[in-house]
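Here are my comments on the model you sent. They go from the overall make-up to the strand pairing at the C-terminal end of the list.

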Amino acid sequence: ASDVYKRQTVKLLGSTKEANATNVLGESALTLSFATSHFFRLTNINGTVTITLDGWPETNKYAEMLIHFSGNGSGTQAVTFASDGASTIYTDGNAEWSNRAINVPASADQSHLVRAYSYDNGQTVFLAYLGKFVTTT
């Protein structure tokens, strides 16, 4: 019999990513570390906040973080991205970006999703805007 039809066990749990949920109410600066989580859900943003990304793996190792964030109805707020040690940060050119910032809508039922990735220990970080999501009824 051919080896093509051998049964194999796939461990999907080993490919899952760590998730972290944070209530951002009143915060003006946060540090999100790849070393502790790969998905971050930030809620209740009620003021301008700077998010610093760190904990990237060593050079020549690809790493990405997903950041999902929403406001709390207190008005549109700017979320600005930085990276610890980054000499260059690129955005994907989406119209939602204003330099390294995205405005979080005032409505708590809308959220944004950004993917941040690096291959050189965070020296160069790429930010991709993945979209705005709205609660449906």
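**Notes on the fold and strand pairing**

1. The protein has 11 strands and 0 helices. Along the sequence the pattern is accordingly β-β-β-β-β-β-β-β-β-β-β. Please keep in mind that this is a predicted model.

2. On burial, 37% of the 137 residues in the protein count as buried. The exposed surface of the protein comes to about 8200 Å². Carbon and sulfur atoms supply 47% of that area.

3. On contacts, consider those in the protein with a separation of 6 or more: 59% of them are between residues 24 or more positions apart.

4. Strand β11 covers residues 124-134 and pairs with β7 as well as with β10. The two pairings are taken in turn below.

5. Which way do β10 and β11 run relative to each other, parallel or antiparallel? They run antiparallel, and 8 bridges join them. Strand β10 spans residues 110-120. One of the bridge pairs links Gln110 to Val134 in β11.

6. The hairpin of β10 and β11 has 3 residues between the strands. Asn121 in this hairpin takes a positive phi near 65 degrees, a detail to look at when you inspect the turn.

7. Strand β7, residues 88-91, runs parallel to β11, with 4 bridges between them. Here Thr88 has Thr124 of β11 as its bridge partner. Strand β11 is therefore joined to β7 in parallel and to β10 in antiparallel fashion, where two strands are taken as paired if there are at least two bridges between them.

8. When reading side chains off these strands, recall that in a regular strand they alternate between the two faces of the sheet.

Terms used: Residues are numbered from 1 along each chain as its sequence is written. This is a predicted model: local features need pLDDT of at least 70, side-chain atom pairs count only at pLDDT 80 or more; totals for chains, interfaces and linings use all residues. Side-chain values use heavy atoms; hydrogens and water are left out. Helices (H or I, at least four residues) and strands (E, at least two) are DSSP runs, numbered from the N terminus. Buried means under 20% relative accessible area, exposed over 50%, partly exposed in between (1.4 Å probe, protein chains only). Contact means heavy atoms within 4.5 Å. Accessible areas come from the Shrake-Rupley method with a 1.4 Å probe; for residues, only the protein chains shown count as cover.
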